[in-house]
Amino acid sequence: MQKMLLCTLLSALGWYPLLARNIRVSTPKMEITDSGTFLRFTVSWDNAWQNSKNHDAAWVFIKYKSNDPNAGARHCLLNAQGHQMLSKLPANLPNPALKVSPDHVGVFVHSSQPYRGHVQWELQLSLNPRGSGIMEQLPGEWSVQALEMVFVPAGAYYLGDPDTTSRSAAAFFGNTPNSMYQVKQENQVINIGSQPEQLNYRSDQAIYQGDRQGPVPASFPKGVQAFYIQKYEINQGTYASFLNSLGAQSSYFRNNFGGKNYAQSRGSIGLDNGQYSAKSPQRPLNFVSWDDGCAFADWAGLRPMTELEFEKACRGPEVPIAHQFPWGTGNKKDLARYVDRDDELKLKTGIDEAQLSDQNRAVFAASYWWVMDLAGSLWERVVSIGHPTGRAFKGSHGDGRLSGYGYATNDDWPRGDDERNGGFGYRGGGYYEHGKPETDFNPHSPISWRNFAAWAGGPRSIAYGFRCVRTAP
């Protein structure tokens, strides 16, 4: 009887499809056998790659939502083994690598061999019934969620900008002749100050200064260890799907639309017949607060990004050049990615992301690792080393479960939506409004510029976004 009921309920799966850029997930199908409980679906996306430098991936996780509107979606755990590929397209596509996270919250899916192009894999994941709530949550609906990620390999990297004028923008610098500071080990303790071997920074404006204290402890995520980062910022369709997965009470706190200028300032999320939707689902998510972004990260089994990981994600192992942007040059003359008058983030006519290479990434606003829009779209919210709350961050991952009020539940994460609590700030620059003169804050900011990295003000606003990461398994 239970098997029949499950099949009936799951015959129309596909609850709140996640509109995560170009990732697509088919309607999943449930199969219960003597050997376990399995969920079958197809995941596909464009412009995938696996090369000698790094790869992209899909972070896949599963939710189950009962029909009770006051109940939030239940996060489903995966077994460590028992997953398989059932089919693939195109024919020359390599088999996928399936890397289940150590906490069983999700799985990274990527090409196991060198490849470039469209990917489509039909997968069967093995669910852990003890973590899924399959039986006690009936009747209800399942969804497979997927986010496009980029793998940032392990390795040392540099902080700073050789142009000493960047120090007025609070850029990091080392107390060496070339001003560079190399982060060599993940468990490295970084002392702050003016002595040799110490990391330094300052700001001309006290409100944005940060405390200039330390040390940055060994447990703070520094980016030397490999990690995955979202290829794009969270978009509005993805966030609407997240809101729909919450219980009614939680959604009151996390719904981000409203205010006098929301619809006129690129906001497109609304409520229709009790369901959240975005008129422009692919548009980067603005009007998102720190607590909103952290709630999404916890829900997705990810975590916030640190400002040290931001620099590693931008520049890779390259030695910094003066006034360097994430795409590797000190200028914007080749840039073909922009926010258009219709509020959408676009590439110029005739240019397609499939053409991206290491030689032309300055056209696409792509970082060393091909992470998109780390400058020029929305300000990137990061955990700051300029505040004791930020330095206490240990990089714990979300477990898919939020508090009853829709807040992230990780004790080491900074919390709060303004400067009263602190511990987070902004990097990368952001697009504010049409016709606003371009500066080194609007819309693109050089990698090392940290004017607002230690300032936790500005709750939900026009140019503030969020991007999540996860330490690599």
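## A glycine after helix α6

Right after α6 comes Gly-316, with a positive phi near 65 degrees. Helices here are DSSP runs of H or I with at least four residues, strands are runs of E with at least two, and both are numbered from the N terminus. The model is a predicted one, so local features need a pLDDT of at least 70 and side-chain atom pairs count only at pLDDT 80 or more, while totals for chains, interfaces and linings use all residues. Residues are numbered from 1 along each chain as its sequence is written, and side-chain values use heavy atoms, with hydrogens and water left out.

Helix α6 itself spans residues 307–315 and is mostly covered, with nine of its nine residues buried. Buried means under 20% relative accessible area, exposed means over 50%, and partly exposed is in between (1.4 Å probe, protein chains only). In α6 the buried set includes charged names such as Glu-307, Glu-309, Glu-311, Lys-312 and Arg-315.

## How far to trust it

The average pLDDT, the predictor's confidence in each residue from 0 to 100, is 92 for this protein. A score of at least 70 goes to 94% of the residues. The start of the chain is another story: over residues 1–21, pLDDT stays under 50. The model still has 56 contacts beyond four places in sequence for that stretch, a contact being heavy atoms within 4.5 Å. Where pLDDT is low, the predicted coordinates should not be read in detail.

## The overall picture

The protein has eight helices and 23 strands. Its radius of gyration is 22 Å, which agrees with the value near 23 Å that a compact globule of 473 residues would have. That radius is taken over C-alpha atoms, and the globule rule is 2.2 Å times the number of residues to the power 0.38. Along the principal axes, the C-alpha atoms fill a box of roughly 75 × 50 × 45 Å.

Buried residues make up 59% of the 473. Take the contacts between residues at least 6 apart in sequence: 75% of them join residues at least 24 apart.

## Two more covered helices

Helix α3 (residues 236–245) is largely enclosed by the rest of the structure, because ten of its ten residues are buried. Among them are Tyr-239, Phe-242 and Leu-243. What do the buried residues of α3 pack against? Their partners are β4 (56–66), β10 (140–152), α4 (248–254), β16 (269–272), β17 (275–278) and α5.

Helix α5 covers residues 290–300, and eleven of its eleven residues are buried. Trp-290, Cys-294, Phe-296 and Trp-299 are among these. Just after α5, Gly-301 takes a positive phi of about 75 degrees.

## Two buried alanines

Ala-366 sits in the loop between α7 (361–364) and β21 (380–383). It is buried, with a relative accessible area of 0%. Not counting residues up to four places away in sequence, Ala-366 touches Pro-326, Trp-327, Leu-356, Arg-361, Val-371 and Met-372.

Ala-472 lies in the segment after β23 (468–471) and is buried too, at a relative accessible area of 14%. Its C-alpha atom is separated by 8.1 Å from that of Ser-101, although the two are 371 residues apart along the chain. Leaving aside neighbours within four places in sequence, Ala-472 is in contact with Phe-151, Gln-225, Ala-226, Phe-227 and Tyr-228.
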